[in-house]
Amino acid sequence: GIKETLIPDPDFFGGGLHECFKGGFLKVHIDYHKHNKTHLDRRLNALIYLNKDWEDSFGGDFELWDNEVKNCIKKLKPIFNRLAIFS
């Protein structure tokens, strides 16, 4: 449903390699909506999981929450080579 022309972020602002170690976690959050330099809207996020030999006991599902951030509506296991693209 995105009608605008999409362009890559030339500064890779907020992107890059993110790594969690044993016991680490990332709290439920909302990413920024406006780029700090171009002031363009951020339209897409992409996550690719590069962790081989993932076990369910590790936890760490990728969760998508409702707009009120009260209910988790979807969980995805962080299995190797999985790509999640979302608005």
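Me: Which residue in β3 stands opposite Trp65?
Reply: First off, this is a predicted model: local features need pLDDT of at least 70, side-chain atom pairs count only at pLDDT 80 or more, and totals for chains, interfaces and linings use all residues. Numbering starts from 1 along each chain as its sequence is written, and side-chain values use heavy atoms, with hydrogens and water left out. Strands β2 (residues 62–65) and β3 (residues 72–76) run antiparallel, and two strands pair if DSSP finds at least two bridges between them. Across from Trp65, in β3, you'll find Cys72.

Me: How many bridges join β2 to β3?
Reply: Look at residues 62–65 for β2 and residues 72–76 for β3. The hairpin they form has 6 residues between the strands, and Val69 takes a positive phi near 55° there. As for the bridges joining the two strands, the count is 4.

Me: What order do the elements of the protein chain run in?
Reply: The tally is 0 helices and 4 strands. Both are DSSP runs numbered from the N terminus: H or I with at least four residues for helices, E with at least two for strands. So from the N terminus on, the elements go β-β-β-β.

Me: What share of the 87 residues in the protein chain is buried?
Reply: Buried means under 20% relative accessible area, exposed over 50%, and partly exposed in between, using a 1.4 Å probe and protein chains only. The C-alpha trace spans about 40 × 30 × 25 Å along its principal axes. Of the 87 residues, the buried share is 9%.

Me: Is His35 buried or exposed?
Reply: You'll find His35 in the segment before β1. Leaving aside neighbours within four places in sequence, it touches Asp9, Asp11, Phe13 and Leu40, a contact being heavy atoms within 4.5 Å. With a relative accessibility of 6%, His35 counts as buried.

Me: Which residue's side chain joins that of His35 in a polar contact of 2.9 Å?
Reply: A polar contact is a pair of N or O atoms within 3.5 Å; within protein, one must be able to donate a hydrogen and the other to accept it, and residues adjacent in sequence count only if both atoms are side-chain atoms. The His35 side chain also reaches the backbone nitrogen of Lys37, at 3.0 Å. The side-chain partner at 2.9 Å is Asp9.

Me: What is the phi of His39, roughly?
Reply: Most residues other than glycine have a negative phi. His39 goes the other way with a positive value, although it is not a glycine. It sits in the segment before β1 (45–48) and counts as exposed at 55% relative accessibility. The phi of His39 is about 60°.

Me: What relative accessibility does Asp53 have?
Reply: Asp53 lies in the loop between β1 and β2. Its phi is positive too, near 60°, in a residue other than glycine. Asp53 counts as exposed because its relative accessibility is 71%.

Me: How far apart are the C-alpha atoms of Gly15 and His33?
Reply: Gly15 belongs to the segment before β1 and is partly exposed, with a relative accessible area of 36%. Along the chain, Gly15 and His33 are 18 residues apart. Their C-alpha atoms are separated by 13 Å.

Me: What percentage of the contacts with a separation of 6 or more comes from residues 24 or more positions apart?
Reply: The pool here is the contacts in the protein chain with a separation of 6 or more. Residues 24 or more positions apart account for 53%.
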